[in-house]
Amino acid sequence: MKVLFINCCVRGEASRTLRLCRAALEQIVEKMENVTIDELVLDDEDILPLNSARLARRHELEEKGEFSDPIFRYACQFAEADLVVVGAPYWEYQFPALLRCYLEQISVCGLTFDYTEDGRPRGRCKADRLFYITTSGGPILHRNCGYDYIRTLCCDMLGFQEVDWAAAECLDVWGIDVEETLMQAEDALCAKIRKWK
């Protein structure tokens, strides 16, 4: 099983989100057979938002079906994964802009999705499950816009059947025991993974 870990934990090894992601990946390795993890650290990549020039070039290549061009490397990697894990902190009700730029890069017609005759998007990705992991300084409550966006994109356009999430919340609230909260979040997400079929 090929697991793609999209690491948008922009605080590096000090990231509390990354700590949860590492625990999840360890549980996935323990749960599944023959797991290989391909980690993509977005902070190390030169990912730019699509502007008119980049979009025109990409569209021209899409029209020709020339998906071997380096502009499609993220989309090809995403399409070939068996399972996707995304780790990103909860910022301004969603996630860092770097992840949004990455999601633009992987949304490629003819590669990660296409359209049916009646104009509906249809996924072409190998994976059908994505697990989104985040941490927040305060409570997330009903304002989980980042997860909602990823779930909509993956389920409605890229063909995923299951998109789930886990979080450690309120880590910057005065009086919270951060270590205990992180340990409880690790236990909860690992229990969730153990229940996977």
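**The sheet and its cores in a predicted model**

Five strands form an open sheet in the order β2-β1-β3-β6-β7, with parallel pairing. Strands here are DSSP runs (E, at least two residues) and helices likewise (H or I, at least four residues), numbered from the N terminus; two strands pair if DSSP finds at least two bridges between them. This is a predicted model, in which local features need pLDDT of at least 70, side-chain atom pairs count only at pLDDT 80 or more, and totals for chains, interfaces and linings use all residues. Residues are numbered from 1 along each chain as its sequence is written, and side-chain values use heavy atoms, leaving out hydrogens and water.

Colleague: Which strands stand at the edges of the sheet?
Modeller: An edge strand has a single partner strand, so one side of it is left without a neighbour in the sheet. The strands in this position are β2 (36-41) and β7.

Colleague: How many bridges join β6 to β7?
Modeller: Strand β6 (residues 129-135) and strand β7 (residues 162-168) run parallel. Within this pair, threonine 134 stands opposite alanine 167. The number of bridges joining the two strands is 7.

Colleague: What is the bridge partner of valine 85 in β6?
Modeller: β3 and β6 run parallel and are joined by 4 bridges. In β6, the partner of valine 85 is phenylalanine 131.

Colleague: Which helix gives the most residues to the largest nonpolar core?
Modeller: A nonpolar core is a set of buried Ala, Val, Leu, Ile, Met, Phe, Trp, Tyr and Cys residues joined through side-chain atoms within 4.5 Å. The largest one has 31 residues, and Phe78, Leu130 and Phe160 are among those with the most contacts inside it. Elements giving two or more residues to this core include β1 (2-7), α3 (73-80) and β3 (83-87). The most, 5 residues, come from α4.

Colleague: Is isoleucine 106 buried or exposed?
Modeller: Isoleucine 106 is found in helix α4 (residues 97-106). Leaving aside neighbours within four places in sequence, isoleucine 106 is in contact (heavy atoms within 4.5 Å) with Tyr74, Ala75, Phe78, Thr112 and Leu158. Buried means under 20% relative accessible area, exposed over 50%, and partly exposed in between (1.4 Å probe, protein chains only). The relative accessible area of isoleucine 106 is 0%, so this residue is buried.

Colleague: How far apart in space are isoleucine 106 and tryptophan 91?
Modeller: The two residues are 15 residues apart in sequence. From C-alpha to C-alpha, isoleucine 106 and tryptophan 91 are separated by 21 Å.
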